[in-house]
Amino acid sequence: MKKIVCISGSPIKDSNTDRMLKNIGENTGLEYELIKLSNRVVRPCLACKACVTTNKCVQNDDFQEISELILGAEAVIFGAYTPYGMIDAFSKALFERLWSMRHINGLNSGKYAITVVTSLNRDVAEQVNREIAMEMVMEGFILLDQLVINGSVPCLSCGYGEDCKNSFARMQVGEKGSVSEASCFDVENQSVFKRGAKLGKLLGDYLKDDQLFDREGHQKNIAGMMEKMMPVMDKGIRQWREEELASVNRDTKNS
């Protein structure tokens, strides 16, 4: 089993997302495996709850193999991108299926995790990273860091971005910018690439000597994050339900 598993939701061959995952993996100095979800079949969760007592999803697809790789790994690096301002479908399906590994036993608890999100919009990327961070905490992963890559709109390389009235190319490169593949923003030319290399080395150090990682400090950081997020979650979950129930009861009494 590989100590590190990198999982990319980007369907583009050798994409910015893929190259960042490789950058992190290679700088650990350890063996890693890159899984490209677009080359696999991972369906969304069916919410059948057949996995509750076994931690095994009953769907017969490639998640069976991927979950075994994750189970045997000490660190998982997740890479996603944001078509239409939301997380890509490949990554979303995988994150849904991780639910099968969480019941009762929390099979991923204690594993290191890093997330990478590639997006045209920094605010969208950070929102997606916040959503992924919540899942990482729920799954019990030790989330070391979250990186954001400035991506390139597909209109730059489709061949029609210059003339298409629906193109987003101009929004990204401006009126004087070149609408061509040459304007795609390679991750190697972004400051985040060096940060990814440093993060990879740090992860490698932790995997070689677990005593280097400050678990107590990490738990304090997680507690602080949850302290900020729980009131928002409480309002969004419990309070909303109570408001709806109160509304139904009020309507019933008035009828």
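User: Starting with the cysteines, how many disulfides does the count come to here?

Analyst: Keep in mind that this is a predicted model. The idea is to look at sulfur pairs: a disulfide needs two cysteine sulfur atoms within 2.5 Å. By that rule the count here is zero.

User: Why is C45 not bonded to C51?

Analyst: Distance settles that one. The closest cysteine sulfur to C45 is the one in C51, and at 6.6 Å that's too far for a bond. C48 is in no disulfide either: its nearest cysteine sulfur, again that of C51, sits 6.2 Å away.

User: And how accessible are C45 and C48, going by relative accessible area?

Analyst: "Partly exposed" is the label between buried, under 20%, and exposed, over 50%. C45 comes out partly exposed at 29%, and C48 is partly exposed too, at 47%.

User: On to the sheet. What is the order of the strands?

Analyst: To read a sheet, follow which strand pairs with which. Here five strands make an open sheet, ordered β2-β1-β3-β4-β5, and the pairing is parallel. At the edges you'll find β2 (32-36) and β5 (142-150), each with pairing on one side only. From one strand to the next, the twist averages 15°.

User: How many bridges link β4 and β5?

Analyst: Eight, with β4 (residues 112-119) and β5 pairing in the parallel sense. If you want a spot to click on, A113 stands opposite L143 in β5.

User: Which strands does helix α4 lie across?

Analyst: Helix α4, residues 122-139, lies across β3 (75-81), β4 and β5. Its direction makes an angle of about 155° with β4.

Conventions. Residues numbered from 1 in each chain as written. Predicted model: local features only at pLDDT ≥ 70, side-chain atom pairs only at ≥ 80, totals over all residues. Heavy atoms only, no water. Pairing = 2+ DSSP bridges. Helix = DSSP H or I, 4+ residues; strand = E, 2+ residues; numbered from the N terminus. Axes fitted to C-alpha atoms, helices over the stretch in contact; angles between N-to-C directions. Contact = heavy atoms within 4.5 Å. Buried < 20%, exposed > 50% of the residue type's maximum accessible area, 1.4 Å probe, protein only.
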